[in-house]
Amino acid sequence: MAQFIQMDMQILHNSALNSDEKIALALIMDRMKSSVQRSEFFDKQHQAHYVIYSVAELAQNLGVGSNTAVKILKKLAQLGLIIKQRVFSHATRIFLPTEKSESTQMLHSTTTKSQKVTSNQSTLNQNKYTDDTNDTQATVAEHIKSDALTVLGQGLIRKGGMPSRLVDILKVYAFGSREKLYTYASLIFKAKHWASKRASAYIDNAYSPFRFELNTLMTTALVHNIKTIIINAHKKAHNPNGYMMSSFMRLFEEQANAYLVNNA
């Protein structure tokens, strides 16, 4: 018997994804329909259901090599469309950023044939029907973007050690774009890494002065100057990323020196 999966219009029209990536995301979302009905696929810590989809299985279903399947999953994770969690001695778990939200329930129940909102899709409208598919899709897209931004922001704070105030400002100037927030954060971490590496040629233990949690002078200066750096980069610089990179490096080096002086 032939098996079919639904592909939401938001996936189909996502220009950031190629055909294999679109199908992979649709396969994961389709499997999530089964997971949400089974308690053994519920993660209590994250309060969310998850999917187990091995690289080998995905490669077989897509008709691609294992390396390609790995790249597909990595791309989906980078775009915030899935969240991967490695579990010691177990298969990697895949979460959907909006799995707990109403918008995902709507995505799962979208009927692409009619492109109309059904009774299972009405949670965002307090159980009222609507035939305005474009408005519904726009609402779903906004929820996805918002949730992806939130997930990345939380990761920058918890795993990256960034101060929450800095992340809040970066999110504002990302204008709802997870990719832009990711770019800003990457530039900050790269600048910090290279500033630390340059400092290591002159001082011992150059790592400590560049740690967010240790050097409050650095975090305070970054929070204070981040708006100006981003605005000037986009208004004045021919290469905004290069401008931000050099600005961050200069700031980190100055505040690392101040830290060393204060702790001499």
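**Figure 1. Ten helices and five strands make up the protein chain.** The protein chain has 10 helices and five strands. The model is predicted. Of the chain's 264 residues, 39% count as buried. Contacts with a separation of 6 or more were also sorted by distance along the sequence: 55% of them join residues 24 or more positions apart. The accessible surface of the chain comes to about 15,500 Å². Carbon and sulfur atoms own 51% of that surface.

**Figure 2. Three strands form an open sheet.** The order of the strands is 3-5-4, and the pairing is antiparallel. Which strands lie at the edges? They are strand 3 (51-52) and strand 4 (83-85), and each pairs on one side only. Strand 3 and strand 5 (residues 93-95) run antiparallel and are joined by two bridges. Look for Ile-52: its bridge partner in strand 5 is Arg-93.

**Figure 3. Ring pairs link Phe-41, Tyr-50 and Phe-95 into a cluster.** A search of the whole structure finds four aromatic pairs. One of them joins Phe-41 and Tyr-50. Their centres are 5.6 Å apart, with 65 degrees between the planes, and the pair is edge-to-face. Tyr-50 also pairs with Phe-95. Here the centres are 5.8 Å apart and the planes stand at 55 degrees, so this pair is tilted. The Tyr-50 and Phe-95 pair links distant parts of the chain, 45 residues apart. Tyr-50 sits in the loop between strand 2 (48-49) and strand 3, while Phe-95 belongs to strand 5. Are these two residues buried or exposed? Both Tyr-50 and Phe-95 are buried. Tyr-50 has a relative accessible area of 6%. Phe-41 is buried too, with a relative accessible area of 17%. The cut-off for buried is under 20%.

**Figure 4. Helix 3 has a buried side and an exposed side.** Helix 3 covers residues 55-62. Its buried residues are Leu-58, Ala-59 and Leu-62. Why do they count as being on the same side of helix 3? They cover an arc of only 100 degrees around the axis, which puts them there together. An α-helix has 3.6 residues a turn, so residues three or four places apart point the same way. On the other side of helix 3, Ala-56 and Gln-60 are exposed. What do the buried residues of helix 3 pack against? They pack against helix 2 (19-35) and helix 4 (66-78). Just after helix 3 comes Gly-63, with a positive phi of about 70 degrees.

**Figure 5. Helix 7 keeps its buried residues on the same side.** The buried residues of helix 7 are Leu-166, Val-167, Ile-169, Leu-170, Tyr-173 and Ala-174. They cover an arc of only 160 degrees around the axis, which puts them on the same side of the helix. Just after helix 7, Phe-175 takes a positive phi of about 50 degrees.

**Figure 6. The largest nonpolar core holds 34 residues.** Which of its residues touch the most other members? They are Met-162, Leu-170, Ile-188, Leu-222, Ile-226, Phe-248 and Phe-252. Two or more residues come from each of helix 6 (133-158), helix 7 (164-174), helix 8 (178-199), helix 9 and helix 10 (240-262). Helix 8 gives the largest share of this core, eight residues. Apart from this core lies another, of 22 residues. Its members include Leu-17, Leu-25, Met-29 and Leu-79. In soluble globular proteins, nonpolar side chains tend to be buried together.

**Figure 7. Phe-248 touches residues from elsewhere in the sequence.** Leave aside its neighbours within four places in sequence. Phe-248 is then in contact with Leu-187, Ile-188, Ala-191, Leu-222, Ile-226 and Ile-229.

**Figure 8. Thr-219 is buried in helix 9.** Helix 9 spans residues 216-236, and Thr-219 has its place there. Why does Thr-219 count as buried? Its relative accessibility is 12%, and the cut-off for buried is under 20%. Again leaving aside neighbours within four places in sequence, Thr-219 is in contact with Pro-163 and Phe-212.

Notes: Residues are numbered from 1 along each chain as its sequence is written. This is a predicted model: local features need pLDDT of at least 70, side-chain atom pairs count only at pLDDT 80 or more; totals for chains, interfaces and linings use all residues. Side-chain values use heavy atoms; hydrogens and water are left out. Helices (H or I, at least four residues) and strands (E, at least two) are DSSP runs, numbered from the N terminus. Buried means under 20% relative accessible area, exposed over 50%, partly exposed in between (1.4 Å probe, protein chains only). Contact means heavy atoms within 4.5 Å. Two strands pair if DSSP finds at least two bridges between them. The arc is that of the directions from the helix axis to the C-beta atoms. A nonpolar core is a set of buried Ala, Val, Leu, Ile, Met, Phe, Trp, Tyr and Cys residues joined through side-chain atoms within 4.5 Å. Accessible areas come from the Shrake-Rupley method with a 1.4 Å probe; for residues, only the protein chains shown count as cover. Rings of Phe, Tyr and Trp (its six-membered ring) pair if their centres lie within 6.5 Å; planes under 30 degrees apart count as stacked, over 60 as edge-to-face and the rest as tilted.
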